[in-house]
Protein chains: 2
Amino acid sequence: MGSLNHQQEAVDLSHHINVKSKSRHPSPLKEIIKFMGYDGMISLAGGLPHPSLFPLERARFDCLPPSASLGDQQTETDLVSLNLGRGLSPGDLDLTQFLQYGTGAGNRRLIQLAEDLTERVHAPPCHYECLLHPGNTNAWSKVVGLLCEDNDFVIVEEFTYPSAQALWIPLGIKAAPVSADAEGILATNLREMLESWDEKSRRSRRPRVLYLVSVGSNPTGITISAKRRREIYQVCVEFDLVIVEDDPYYFLQYPGYSPQAEEQPYQPKPTGEFLKSLTPSFLSMDTQGRVIRLESFSKTIFPGLRLGYFIANPLFTERLLRATEIETQDPAGLSQAFTLALFNQWGVDGYLLWLQSLQHQYKTRRDWLVSAIYDQFTVVSAAKSPLPTAQGHVACLQDKVTGKLRPVFSFVDPEAGMFVWSKFYFGGVARFIELKAQSVEDPEQAFAQELWEAMVAELVLLTPGSYYHAWQGSDKVSTKARGADPRSAFFRFSFATPTKEQIEEGVKRMRKVIGRVWEATS
Amino acid sequence: MGSLNHQQEAVDLSHHINVKSKSRHPSPLKEIIKFMGYDGMISLAGGLPHPSLFPLERARFDCLPPSASLGDQQTETDLVSLNLGRGLSPGDLDLTQFLQYGTGAGNRRLIQLAEDLTERVHAPPCHYECLLHPGNTNAWSKVVGLLCEDNDFVIVEEFTYPSAQALWIPLGIKAAPVSADAEGILATNLREMLESWDEKSRRSRRPRVLYLVSVGSNPTGITISAKRRREIYQVCVEFDLVIVEDDPYYFLQYPGYSPQAEEQPYQPKPTGEFLKSLTPSFLSMDTQGRVIRLESFSKTIFPGLRLGYFIANPLFTERLLRATEIETQDPAGLSQAFTLALFNQWGVDGYLLWLQSLQHQYKTRRDWLVSAIYDQFTVVSAAKSPLPTAQGHVACLQDKVTGKLRPVFSFVDPEAGMFVWSKFYFGGVARFIELKAQSVEDPEQAFAQELWEAMVAELVLLTPGSYYHAWQGSDKVSTKARGADPRSAFFRFSFATPTKEQIEEGVKRMRKVIGRVWEATS
């Protein structure tokens, strides 16, 4: 684990470390390692298998160059070759160290690289360390193991990533959701919730952890604006919260959608300009050491790597290292070796160039989806729509005779990530009225389920918004009990994987189902 | 996760699953995957990054052939080349699937391979499933998350692997150690402990989990004999224990040391004979589905893979899969791809041939160490020694004048693994008598520490046995409080990494220190 000397020291946050994490001790086996380094020492102490007995001698990886033009019919391109040998070929990266057990902290050069990237992209004002982890899923699991006690509340967005919640639901932990507008969760609502937190009625201490996917959130697609971030950070300082910034989509930020714009040919910007175009992270404004940032290569290199890193206050990384030693050990050696070799070949600037190309790809795919919505519906700005309280844009059906607009769903054009989040309004839809009249327990949920099934029957698959509800306990599951808006429900569109043609056909099929359901009379 | 149909169904062990594990639900995101497989379905539901945007096109690995002669001056040998491409070269393993997110269960063909190996090696009598995991460290962490409640007791060997304990000590879990002889832990002692378990005075329910490194145990080197295993299994049935068989050294079993034997040239046996020579696993005698076996490739391929698999009752693997989904996801893709490609190339028989070669290597290294002890000390069988209660062999100093033997340490010749475990006797040593007279708190521990430091000063490093004490709570740390044998302490020798010359020199240095300490008069 490396470290950089910065001028600012963190405030004391040691009270945030939970009881179990506090009671971890460094393994005595790690303690003895320093004696192995003595000049002339003969060690009969280590328990490592003999490296001459590993069957792998050389690894070669053929990679795209960072300037590859992606997305076209993958044209045969000159590949970059990464050579990793066991000390055999001079100049190649030595593979041996990646085959052996590590110390938990990960390869030193890879850590150094993580620090270089951190300085380039975030320049954190406070002292920090980087620590490798095997992907953000595991990183979040370790953070919960670091900060949360059973039956705590964790503050999250109103709609949040289900696997993050699935981890802590068995611990009795619940979500304390904060609502958001197009710029992200509302700092005012966050303050209000914290100010009015009643430990007795909540039967739990005031929350201490704020979990955010702050760029291109899964599912909402929202990127928290710079201004909003500063407001939120201020509240976190006041109420002593730790911010966990789970940010796999950070580099997939792109400009908003313009209905009229021609598709632009891809033209990379100078690196500095690219970096400046990205929303500043919470880490970049963390003057107190209260941000734990989870970095992942899953969306920028590939998910199977199972590799990422924490950037955090050394107080936290030290405890996370203790957990790493006994829960996972180092990330897989081939993943570490591949990533280091790739960076050696590409350079940090090459990686940043690659990211621009990725960014352009996801922008293009976003455009395909939003265009398809414009093609199939009459889209108006929410403010001018029959739903003035909706956010972003509203997709409407237009009456062929009267020309009157009937709103179906609103969506916010995402400026990052892979998702369009939509809110369907079905207050006047005959089938919904029927369900309500039948006094079904949760008519909103029942209607959304029927709508989803009708789309499945038409062979188009969206993700039900109910998957992403913040978990507030088994007594707060229904639309009413959650206090959610009546007569509406959410769906998530993903534009990451389908082709342009599939997206267009998929939205057409959806339009067909909506036409049928919205225009039916009971 | 695959499954095989066997005749025997497991008994109902669902009461072993702990409260937190019971309350995990499958992710709804996993539920939707089956709809993605419908003919003609257009999915706007998935959240996976687009595979055309992964920069890795081809991976090639040059490996030793399974028949490579290891350990010699690594002679240049014809390497086996593994080719993994992204559907580019026909016949090569398709890399794409390994770059993408998996389902948690791991690659199907790799699971199938794990099942094939399990059938060949263990032929479990009961229905089971295999589930991949990222190494036994993480596997054990998931098993504790599956079976243990806070403040439980776990039954372990008297000396056990410290990282396994470090995981559960913060949970308030303690060890209930069972003593062992050269054939492993004593079934009679295990039964006695369970029969007489007093929940009130122990302030904990009777233990339900038996954790064993049952072959070439770290640190004791003991391999539990077939007969002893059957006795232990019977007690586990009676007292309803789950056996966790953590068995990374299973294939590193080898014949005992013969002082007179010439070094034999390596000659592989037919595969069937090799397999028959291995002690039967607990899994192979598990007629009730109460064995969870942790398999690892760390000692047989290389540790950096971070890859292994559970073999267990489907009741348990289903819960372990739920934990995998939210705690780690699939093991790293390159590790899975490499291992599958290696097996495709080598075949299961090739792998078993490779293991014989490894086995021979570790046997040779064990011989180097034990020979060096014979060279530096007078070694007599324990039964004939001045310490008739000791086990195995006793290394003695011989008085040059009287010829009288003075015992220094006993050790059991390990027939598996990487370690020689030794018990030092220092009842009559002047310095120890002095420490006792000074009423230091734990004179045994103090003496062992001084001895260890004296060896460090002489540039030979052993691992202190105290690292491996079963953790019974902070009130049971001293030799006396633990009820351990007085006037003795343990050290672990590892023969895995040093060369023959280093081992010989290391033991010579140790002999020098022992001579000085044992012969000193106060």
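## Buried charges and a two-chain contact

Arg86(B) and Glu57(B) are both buried. Their side chains also meet in a salt bridge, with N and O 3.4 Å apart. That's a good way into this predicted model, where the salt-bridge count over all chains comes to 56. Some of those bridges sit within a chain, like the pair in chain B just mentioned, and six of them cross the interface of chain A and chain B.

**The A–B interface**

- Let's start with the area: chain A and chain B bury about 9100 Å² between them, and 64% of that is on carbon and sulfur atoms.
- On the residue side, chain A puts 104 residues into the contact and chain B puts in 103.
- Besides the six salt bridges found across this interface, there are 45 residue pairs in polar contact, with both partners at pLDDT 80 or more.
- Which element of chain A gives the most to the side that touches chain B? That would be helix α12 (residues 333-376), with ten residues.
- Sorted by class, chain A's side of the contact has 60 nonpolar residues, 27 polar ones and 17 charged ones.
- For a salt bridge between the two chains, look at Lys20(A) and Asp150(B), whose side chains come to 2.7 Å, N to O.

**Strands pairing between chains**

- Backbone pairing links the two chains as well: strand β18 of chain A (residues 460-461) runs parallel to strand β1 of chain B (residues 42-43), over two bridges.
- In that pairing, Val460(A) stands opposite Ile42(B).

**Arg365(A), a buried arginine**

- Arg365(A) belongs to helix α12 of chain A, the helix that gives the most residues to chain A's side of the contact.
- Is Arg365(A) buried or exposed? Its relative accessible area is 4%, below the 20% cut-off, so Arg365(A) counts as buried.
- Setting aside neighbours within four places in sequence, Arg365(A) is in contact with residues of both chains. From chain A these are Phe495(A), Ala496(A), Thr497(A), Pro498(A) and Ile503(A), and from chain B they are His50(B) and Ser52(B).

**Salt bridges within a chain**

- Arg431(A) and Glu434(A) form a salt bridge, and their closest N and O atoms are 2.3 Å apart.
- Why are these two about one helical turn apart? Because they are three residues apart in helix α13 (residues 430-437) of chain A.
- Neither partner is buried: Arg431(A) is partly exposed at 26% relative accessibility, and Glu434(A) is partly exposed at 30%.
- Back in chain B, the Arg86(B)–Glu57(B) bridge links distant parts of the chain, 29 residues apart. Arg86(B) is in the loop between β3 (80-85) and β4 (93-94), while Glu57(B) is in strand β2 (residues 56-63).
- Another pair in chain B is Glu245(B) with Arg293(B), whose side chains meet in a salt bridge at 3.2 Å, N to O. Glu245(B) lies in strand β11 (residues 242-246) and Arg293(B) in strand β12 (residues 291-296), so the pair ties together parts that are 48 residues apart in sequence.
- Both Glu245(B) and Arg293(B) are buried.

**A salt-bridge network in chain A**

- Which residues make up the network of salt bridges in chain A? Arg229(A), Glu245(A), Asp247(A), Arg293(A) and Glu295(A) are linked there.

Notes. Residues are numbered from 1 along each chain as its sequence is written. Chains are lettered from A and ligands numbered from 1 in the order in which they are written. This is a predicted model: local features need pLDDT of at least 70, side-chain atom pairs count only at pLDDT 80 or more; totals for chains, interfaces and linings use all residues. Side-chain values use heavy atoms; hydrogens and water are left out. Contact means heavy atoms within 4.5 Å. Buried area is the accessible area (1.4 Å probe) that two parts lose on being put together, summed over both. A salt bridge is a side-chain nitrogen of Lys or Arg within 4 Å of a carboxyl oxygen of Asp or Glu. A polar contact is a pair of N or O atoms within 3.5 Å; within protein, one must be able to donate a hydrogen and the other to accept it, and residues adjacent in sequence count only if both atoms are side-chain atoms. Helices (H or I, at least four residues) and strands (E, at least two) are DSSP runs, numbered from the N terminus. Ala, Val, Leu, Ile, Met, Phe, Trp, Tyr, Cys and Pro count as nonpolar, Asp, Glu, Lys and Arg as charged, and the others, Gly among them, as polar. Two strands pair if DSSP finds at least two bridges between them. Buried means under 20% relative accessible area, exposed over 50%, partly exposed in between (1.4 Å probe, protein chains only).
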